[in-house]
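Here are a few exercises to work through with the model open beside you. Try each task before you read its solution.

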Amino acid sequence: MRCKGAGLRPLFICSLAVCLGAAGLLGGGYAAAQTDDPAPYLYYFSDMLHAYVVERADGSDSRVLGAGLMPEEHIMTHWGGWSPSGEWFAWASSEWAGPGHVPSMVWLVRADGTQGTRLFADAYDFSRLVWSPVDDVLLVGTFDQEMHGRTFLYDVESGQRLGEAPSLEPFEGAGWLPDGSAAYVYHPEWVDIVLKNRRSYMRLIARDGRITEHDVGTFATGMSSAGWFVHDVLGGSQWVAENAVTGESFTFAPPEDISSPGWRQYWNARGDTLLFSSMLDRDTWLLSMVDRSLLDIGPDISWSSDGFTGAPRWSSSADAAVFITHADDEAAPYFLRMLDGATGQVQTLLQREGEFSVKWAGESQSVLVYPGWQVHEPALMLDVETGGQTVLPVETYGLRTAQPSPDARKLAYGEGRSASIPAIYDLDTGQIITTIPYSGGAGGAIYGASWDRTGMWLITSEDMTFSGGGGSPPGHVVLKADGSARRELGRTSFSATAIDWLPDHVLPHLAPGSAAPVIPAPLFTLVPATQPGDTANGVLWYPDGSGVVSNGYHHRDGAAAGSLVFWDLSQPEPRQDMTVPTNVCTSSLACNMIWLSADQFMMWPSTGPTAARVDVRNGDVAGNLSLFDAAGIDAMQLDARYAVPSPNGDYVLVQKSGRGFEILDASGALLHTLPDRDDSAVTWSPDGRTVALGNGGPLALWDVETGDVRLLEPTDAWSWPVWQLAFSPDGRYLAAGSYYQRTAIWDTVTGQQVWELNWYAKALAFSPDGTQLAAAGSYAVAVFDVSDLGGVVK
C-alpha cells in the first residue's frame, strides 16, 4: 500500500511508524509480526452499531449479532453471556444510569445470527440473568420501583417461565447450584409482620419449577463452587455449614463477639474452605468443610477505602491465600501475609510503609505486589516459596491495574491519569515490550486488562469493566503483546458481558463472518516515537498532502508540556520527521491549526486568544502571539474572547466574552450577531462564506452574506461537547469530533449525516484532495478513507 500524498518535504527524517493496509490493523510503531497462528476471537458491544460484534482480535472473520433489537436509549448492557450449549447469547439492557423512562429489557440471540428476540420488558430493573451450568435455562431476577423482588427460570427450548414467585422483600444473592439441579435466591433478614421475628431464608427453584424455602437465621454466606453455604440459626447461638447439593451439614460454635461474617467472605476455588472476617475488628477466620474446623487467623486485615484492598486472594491451586494486614493507625506499616489452607499456618512475606495491592501471577508461585494510589514505592514480583524478589523498573505512581499474563512471563500495567505510561513488560528480560495505547473513551486512564489464554493478545479497558466497577463510558483497545497489531474497539458498555474473549464452545455455532472488520479501521495510525503517553489534540495536513503535523500534550510532575510531530507520508510507510517542543495547546482543549503561508502555520487552543507561529523549515516556534492582532481588531473594545479571520480575509469571526458570536467585515463593521450560542467548536468554510458552530446537539451553519442559520441534525443525540469541526476542501462536507467518542460527517448540501464512526477525536482535518480524514485524539493520529461518502457507515 502507498499512503496518499507526494511532494517536497523538509530535510529531516527519523523513521518509526508503520502503515498497515489491507488487513485493517492499526499501526503502533512496530512492524507487523509474521505468524501462522490465527488471532483469537472476542466479542463486544459496539455503541456505534448498537449491537454485539464477534470477530477475531485482528478484525477478520467479523459478524454482528442483535442489530436493530435494542432501543436507542439503551446504551448499558449487563448480565447474561453465552449459554452452556454455545448456541445462545443473552443480555439485559438499560438506559445510561440505570432504569429510566424506557424499561429495562432482556434479549436473546442465536450465535449464528438467525434469530434475535426480546424476552422480557416487564420490569423496572433486571438484576440477575444467569445461565444454568449444564443447559440452556436462565435464572432471571427483577425488581420493581418499590424494590420488590421477583425471580423465575426461563427454559429457552420450551419458552416457558418456571417457578415464578414474586416477593415483597428484596433479594441479595442469586445463582445456580453447582450441579444445575436448582437455582437459589437469598433473601436477607427482614421483619416478619406476623411473627415479629427477624428472618433470612434461601429459596430454591427446582428445574420443574417447584419452590422450597429454607430458613437460615439472620444471615447466610454466598454459595461456594461445591454447594456449601454457612448460616446461623435463629438466636445466633449456633452456626451451620450446609451443602445444598449433597445435603451434608454440620454445626459449630461461632467466633466470640461476632454476630455474622458480614459480606467479607472468600471461598477457595474448590469451594471447600472459607476465609471470612468481622467488619468491626477485622479479625479473620478459616473454616474448613473437609475437617470441619474453625481457626482464628488473626486481626487487622486491611480494608482500604479507595479500591486497593488487602482482601484474601486464593492461589489457583486453592491451597494458599495471600492477604494484607494493617493496624488501625495511619503510621502503622502494611504486612503481606500468606495462609497455608491445609495447616492454617500464617507467615509474613513482606512489610511496607505505604498501601499496596497483591495478586497471584497466573498459576505460578509468585505474587505481584504493586503500590496504591499516590504511593511512591516500587512494584515487584515475589516468589512465595523462596522469598526472592524482582523489582520491576516501571513507573508505578498512580498505578490502577497490573495484570500478569497466564504464563506469568508478561505484565500489563496501566495508570490512573498520572505519570506512568501503560505498557506491557517482559518479566523474563526486564524490558518493556510495548506501550499500551489509550483509547479515546476515558481520556487516558487504563483501569483493566484481560489476557487471552495464550498470553499473546490483550484487551485493555479505560474503566472498571474487568475489575467490577464503574466510571465513564469505557473505551477499549485490543492489541498483540509484541506490539505488532492494535485496534480501537470504541466505546462499549459496563460489565464483563460487554466485552470479553469468546468461549471455545461457541465457535461451532457461529455463521461465517466477513473478511474485513464490520467497523472500519483506519488506513494507518501515526504513533509518535517520543512521549507515547501524550494526548493528540491537533492535526494539520501539508498543503500538497505529502505530510501531516500533529500536536500532543501531557501533564507530568505538575507541569504541562506539548510537542509538535511532523510526519512524512510521501513514502510507502509514514515516517516521523521531527519533534518540536511547544507550550501552546497544552490542555484538553482542541488545538486549531491553519496555514499562514507555504512555510508557516499558526496554532491556538479553541478558547484562544494566545497563539503561536511555527516555521516548518526549521521547527522554530514563535509564541505569545495574539489572535486579535492577527485579525486586526481591538479585543477590549469588542469585549471579545477570541477572533479568527476568514480564509479569504474578508471577514472576522468574534466570540464574545459572555455568550454569542459576531461577524465583522474587513473594515471592522458589524454584519451579523448570534447572541444565544456558546459553542466550543467553530470553523470557517474554505470559501469564507459559512461558519460552522457546534457544542452539544445540532450543528449550526451560519451564512455570512444573509446571516441565516441552518441546523444539521445528527442521526442520534449528541449531548456531549464537540471538540472540533472541519470542512472538506470543497466545503461540501463537515466533520465533527465529539467527546463522547463520535466522529461523523455531514453533507452540508442535503443536511444528512453520511458517515459515522465510534472514534474519539479532539481535532480533525481533511486531506487536500478530500479523500482522507485525519482524527487526532487519544495517543495518536488515525487516518481514515472517506473517498466514498455516498452511503451511511452505521
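**Exercise 1. Find how many residues lie between β19 and β20 in their hairpin, and which residue in the turn has a positive phi.**

Solution. This is a predicted model, so keep that in mind as you go. Start at the turn: the hairpin of β19 and β20 has five residues between its strands. G271 sits in that turn, and its phi is positive, about 75 degrees. Now look at the pairing itself. β19 (residues 265-267) runs antiparallel to β20, with three bridges between them. For W267, the bridge partner in β20 is L274.

**Exercise 2. Work out whether strand β20 is enclosed or open to its surroundings.**

Solution. Step one is to count: five of the five residues of β20 (residues 273-277) are buried. The cut-off for that word is under 20% relative accessible area. Step two is to sort the residues by face. As a reminder, side chains in a regular strand alternate between the two faces of the sheet. On one side of β20 you get T273, L275 and S277, on the other L274 and F276, and all are buried. Both faces are covered, and with five of five residues buried, β20 is therefore largely enclosed by the rest of the structure. Step three is to follow β20 to its other pairing: β21 (residues 284-288) joins it in the antiparallel sense through five bridges. L275 has L286 of β21 as its bridge partner.

**Exercise 3. Take the open sheets of three and four strands, and say which strands stand at the edges.**

Solution. Begin with the sheet of three strands, ordered β16-β17-β18 with antiparallel pairing. β16 (228-232) and β18 (249-252) are the edges: each has a single partner strand, so one side of each lacks a neighbour in the sheet. From one strand to the next, the twist averages 20 degrees. Five bridges link β16 to β17 (residues 239-243), and H231 finds its bridge partner in V240 of β17.

Next comes the sheet of four strands, with the order β3-β2-β1-β39 and, again, antiparallel pairing. Here β3 (63-65) and β39 (499-501) have a single partner strand each, so they are the edges, with one side left without a neighbour in the sheet. Its twist averages 20 degrees from strand to strand. β2 (residues 51-56) and β3 are antiparallel and share three bridges, and V54 has R63 as its bridge partner in β3.

**Exercise 4. Identify the residues with the most contacts inside the largest nonpolar core, and the strand that gives the most to it.**

Solution. The largest nonpolar core has 32 residues, and I745, W755 and L773 make the most contacts inside it. Strands supplying at least two residues each include β1, β39 and β58. β60 gives the most, with three residues. A second, separate core of 23 residues includes F219, F229, W239 and W285. For the chain as a whole, buried residues make up 58% of the 794 residues.

**Exercise 5. Locate S484, decide whether it is buried or exposed, and find its side-chain polar contact.**

Solution. First, the place: S484 lies in the loop between β37 (475-480) and β38 (486-491). Second, the exposure: its relative accessible area is 4%, so S484 is buried. Third, the contact: the S484 side chain makes a polar contact with the side chain of D482, at 2.7 Å.

Methods:
Residues numbered from 1 in each chain as written. Predicted model: local features only at pLDDT ≥ 70, side-chain atom pairs only at ≥ 80, totals over all residues. Heavy atoms only, no water. Pairing = 2+ DSSP bridges. Axes fitted to C-alpha atoms, helices over the stretch in contact; angles between N-to-C directions. Buried < 20%, exposed > 50% of the residue type's maximum accessible area, 1.4 Å probe, protein only. Core = buried A, V, L, I, M, F, W, Y, C linked by side-chain atoms within 4.5 Å. Polar contact = N/O pair within 3.5 Å; in protein donor to acceptor, adjacent residues only side chain to side chain.
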